[in-house]
Amino acid sequence: KEFIEFHGQSVIALINLSVGDEEEADKLIYWIIITALTLSQENIPTVLAAYDHESVRVVTPVLHTRQLVIQSLEIAKEMVTYINPVKYLHPPDIARLRADIGRLSSAKSDASKKLASLLEIEYANLSNQARRNPATLALLSAFSKGESQSNILIISHRNHDAIALAVNTANYSRRGNAVIPIYASERKQRRGELAKV
């Protein structure tokens with residue numbers, strides 16, 4: 001259902017190949033293949049951008065139908081196991097952080113201005129972390145091969161890339177790109193926040 005309005009618009013499928021265990025690997029393979037089959041069936045041109053916790057692994061040219069499915073199967077073989085020592089309870093809400101900075105900056109009290117400058121430091125730190133993450137590099141490379149208004153589908157367990165995905169989702173949404181998380185595995189995540197297909 002999420003793909004119905006994509007006709008005539010290309011898609012960037014952003015895929016995090018880092019998994020924590022066999023269960024995550026199975027789920028990742030499932031979502032990569034289901035996404036490729038759905039996009040192929042709907043004849044939606046797609047760029048696949050895959051990365052792991054160290055680097056960008058694959059960024060394809062724009063693919064169609066059969067090519068898309070074949071390349072997705074190849075990418076699924078590139079998974080790596082990565083146990084992240086940092087646990088994310090909830091990714092940062094970048095849009096809210098920006099809004100808070102804007103409200104506090106326009107306030108007249110000294111306390112508000114000081115709080116705004118602290119939040120600006122937090123925002124700059126998050127942006128710097130995101131800039132260096134392979135997810136951001138894969139996305140930039142994918143946009144160089146596709147259209148500037150491509151829709152973005154995110155397939156990730158959000159292990160090493162949670163901050164980068166939060167920052168990029170906010171940035172690309174502001175530019176008018178639709179960003180849809182196909183699967184974001186967080187074991188304690190509420191059922192309603194899981195995959196939308």
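**From a buried loop leucine to the helix contacts**

L63 lies in the loop that runs between strand 4 and helix 2, and it offers a convenient point of entry into this structure, which is a predicted model. With a relative accessible area of 6%, L63 is buried, since buried means under 20% on this scale. When residues up to four places away in sequence are not counted, L63 touches I44, P45, T46, L48, L68 and Q71. One of these, L48, is 15 residues from L63 in sequence, while the two C-alpha atoms are 8.0 Å apart in space.

The surrounding chain can be set out as a whole before its parts are followed. There are six helices and seven strands in the chain, and, read along the sequence, they follow the pattern β-β-α-β-β-α-β-α-α-α-β-α-β. Of the 197 residues in the chain, 45% are buried. Among the contacts in the chain with a separation of 6 or more, 75% are accounted for by residues 24 or more positions apart.

Helix 2, at residues 65-76, follows the loop of L63. Helix 2 has twelve residues and reaches 17 Å from its first C-alpha to its last, which is close to the 16 Å expected at 1.5 Å a residue. Its buried residues are L68, S72, I75 and A76, and because they cover an arc of only 95 degrees around the axis, they are placed on the same side of helix 2. The partners of these buried residues are strand 1 (11-16), helix 1 (22-41), strand 3 (46-51) and strand 4 (56-59), against which they pack. L68 thus appears both among the buried residues of helix 2 and among the residues that L63 touches.

Helix 1, one of those partners, can be examined in a similar way. At 1.5 Å a residue its 20 residues should span 28 Å, and its end C-alpha atoms are 28 Å apart, which agrees. The buried residues of helix 1 are E24, A25, L28, W31, I32, T35, A36, L39 and S40. Seen down the axis, these buried residues fall within an arc of 155 degrees, so they line one face of helix 1. The face of helix 1 that is turned away from this buried side carries the exposed residues E22, D26 and Q41.

Further along the chain, helix 6 (residues 162-174) packs with helix 4 (residues 110-132) at an angle of about 105 degrees, their axes being 8 Å apart. Because angles of 65 to 115 degrees count as roughly perpendicular, helix 4 and helix 6 are therefore roughly perpendicular to each other. In this contact Y123, L126, Q129 and A130 of helix 4 meet I163, A164, V167 and N171 of helix 6. By class, the residues of the contact of helix 4 with helix 6 divide into six nonpolar, two polar and no charged.

Helix 6 also packs with helix 3 (residues 94-106), here at an angle of about 70 degrees and with the axes 8 Å apart, which makes helix 3 roughly perpendicular to helix 6. The contact is made by I94, A95 and R98 of helix 3 and by A166, V167, A170, N171 and R174 of helix 6. The contact of helix 3 with helix 6 has five nonpolar, one polar and two charged residues. V167 and N171 of helix 6 take part in the contact with helix 4 and also in the contact with helix 3.

Note on methods:
Residues are numbered from 1 along each chain as its sequence is written. This is a predicted model: local features need pLDDT of at least 70, side-chain atom pairs count only at pLDDT 80 or more; totals for chains, interfaces and linings use all residues. Side-chain values use heavy atoms; hydrogens and water are left out. Axes are lines fitted to C-alpha atoms, for helices over the stretch in contact, and angles run from 0 to 180 degrees between N-to-C directions. Helices (H or I, at least four residues) and strands (E, at least two) are DSSP runs, numbered from the N terminus. Angles under 35 degrees count as roughly parallel, over 145 as roughly antiparallel, 65 to 115 as roughly perpendicular and the rest as oblique. Contact means heavy atoms within 4.5 Å. Ala, Val, Leu, Ile, Met, Phe, Trp, Tyr, Cys and Pro count as nonpolar, Asp, Glu, Lys and Arg as charged, and the others, Gly among them, as polar. The expected span of a helix is 1.5 Å times one less than its number of residues. Buried means under 20% relative accessible area, exposed over 50%, partly exposed in between (1.4 Å probe, protein chains only). The arc is that of the directions from the helix axis to the C-beta atoms.
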